[in-house]
Amino acid sequence: MAPQVIDHRGGVWSIAVPIPDNPLGHTLVHLLETDRGPVLVDTGWDDPDSWDTLTAGITACGFAPADIHGMVITHHHPDHHGLSAAVRETSGAWIAMHAADAAMIRRAREARPGQWLDYLLVKLTAAGAPDDHLEPLRAARAARRGRKAPARRAALPDRGIEPGALLDLPGRRVRAIWTPGHTPGHVCLHLEEAHPAQQDARPATFGRLFSGDHLLPGITPHIGLYEDPDDVAPDLHDRGDPLGDYLDSLERVARLAPTEVLPAHQHAFPDAAGRVRELIAHHEDRLSDLRTLLRVPRTAWQLAAAMQWNRPWDQIPAASRNIAVSEAEAHLRHLVKHGHVEPVSGSDPVHYLAT
């Protein structure tokens, strides 16, 4: 089947690279023509079919896979960074990533066998997960399964991405915008060039934004804790605030006022500021709902089970429940830091109560 390739004009293309067994369907890998050859923004999932689609898409854009000059990775997740090693092996291209996400890849690659599973058990136990959820993880640990950490095969980047700096892309003006929240090192890329469709000499909006997962037209990105297998005792008081980071980053992107947003999923769209307002309102509503739920003490697990998701809690698979708990904890951490919620003294596992 021919790859889904869109010519966005002005030397910008998108290639829909499939994500196996995932409702998102695909990652939009963007190809940007430069004076030194094409550069990819993200690469897609490490899978043979995904690789075939990516290489066919590059060919459809008028290049060979060996022509790729570099890769700019918006964040370390496998549907964005997974094929970076294969592209580098084929072309010798460099890989650029923000230092915070590069550190997460390095940590995962260096983790001792079984460390991730140990961390997950400690974390979920502290969150109040019931035994019927924990038992399969304990059995996996006893059977010495799950001994490889996530991202063990992920490529280490060759270059860093400095927030606010222009990337070394001859013939193009692409500025890195640090947008932590979805991951600690997530970046958006502002193409500081007039949109090909604009005729106005003094437009109200300017350029195009490669937004990764930070800004999507119809999906609210997952905001969870920045997972660290070395941290076996998460503390909602003294650690970072991923949700606060995300909300601040949204405001930063809205001020850029790009003419068009080119996200990593779904489709391109205008009106970044309008979408930012929708996302901020969504999280404000969710935080308000959580404060209502916390009029009675709840653990992080109990809070996640009571939250609104895209399907009932009893229909959510175990692995997805782990992600949901991480998102509940991120919202809890934000509420604790702003003095709206506090832990119940002496509770074990820790329960939280609105102030």
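How many bridges pair strand β5 with β6, and in which sense, parallel or antiparallel? In this predicted model, β5 (residues 70-72) and β6 are joined over three bridges, and the sense is parallel. One spot to look at is Gly70, which sits opposite Trp94 in β6. Strand β6 also pairs with β7 (residues 159-160), again running parallel, here through two bridges. On that side, Ala96 is found opposite Arg159 of β7.

The side chains of β6 (residues 94-97) are worth a look too. Trp94 and Ala96 point one way, Ile95 and Met97 point the other way, and all of them are buried. This fits a general pattern: in a regular strand, side chains alternate between the two faces of the sheet.

Further along the chain comes an open sheet of four strands, in the order β8-β9-β10-β11, with mixed pairing. Its edges are β8 (174-178) and β11 (260-263), each of which pairs on one side only. Direction aside, neighbouring strands in this sheet are turned by 25° against each other on average.

Going across the sheet from the β8 edge, β8 and β9 (residues 187-191) run antiparallel and are held by five bridges. Here Trp178 faces Val187 of β9. Next, β9 and β10 are also antiparallel, with three bridges between them; His190 has Leu209 of β10 as its bridge partner. The step from β10 to β11 is where the parallel pairing comes in, with four bridges. In that pair, Arg208 is matched with Glu260 in β11.

Helix α7 (residues 242-256) packs on this sheet and touches β8, β9 and β10 (208-212). The direction of α7 makes an angle of about 150° with that of β8.

What about β10 itself: how many of its residues are buried? The count is five of five, so β10 is largely enclosed by the rest of the structure. Both of its faces are covered. On one side are Arg208, Phe210 and Gly212, on the other Leu209 and Ser211, and every one of these is buried. Arg208 therefore counts among the five buried residues of β10, and Arg208 is also the residue bridged to Glu260.

Some empty space is left inside the protein as well. Rolling a probe the size of a water molecule over the atoms is what shows where such space remains. With a cut-off of 30 Å³ or more, two cavities are counted. The second largest of them holds about 30 Å³ of space. Which residues line this second largest cavity? The lining is made up of Leu32, Val39, Val41, Val72, Leu167, Leu169, Val174, Leu189 and Phe210. By class, that is nine nonpolar residues, with no polar and no charged ones. Several strands already described contribute to this lining: Val72 belongs to β5 (residues 70-72), Val174 to β8 (174-178), Leu189 to β9 (residues 187-191), and Phe210 to β10.

A last stop is Ile323, which is part of helix α10 (residues 318-337). Is Ile323 buried or exposed? The answer is in between: Ile323 has a relative accessible area of 47%, so it counts as partly exposed, given that exposed means over 50% and buried under 20%. Ile323 and His222 are 101 residues apart in sequence, while their C-alpha atoms are 8.4 Å apart in space.

Notes:
Residues are numbered from 1 along each chain as its sequence is written. This is a predicted model: local features need pLDDT of at least 70, side-chain atom pairs count only at pLDDT 80 or more; totals for chains, interfaces and linings use all residues. Side-chain values use heavy atoms; hydrogens and water are left out. Two strands pair if DSSP finds at least two bridges between them. Axes are lines fitted to C-alpha atoms, for helices over the stretch in contact, and angles run from 0 to 180 degrees between N-to-C directions. Contact means heavy atoms within 4.5 Å. Buried means under 20% relative accessible area, exposed over 50%, partly exposed in between (1.4 Å probe, protein chains only). On a 1 Å grid over the protein atoms alone, a cavity is a set of points where a 1.4 Å probe fits but cannot get out, and a pocket is an open set with protein on both sides within 12 Å along at least five of seven lines; lining residues have an atom within 4 Å of a point. Grid points are joined across faces, edges and corners, and a volume is the space filled by probe spheres set on the points. Ala, Val, Leu, Ile, Met, Phe, Trp, Tyr, Cys and Pro count as nonpolar, Asp, Glu, Lys and Arg as charged, and the others, Gly among them, as polar.
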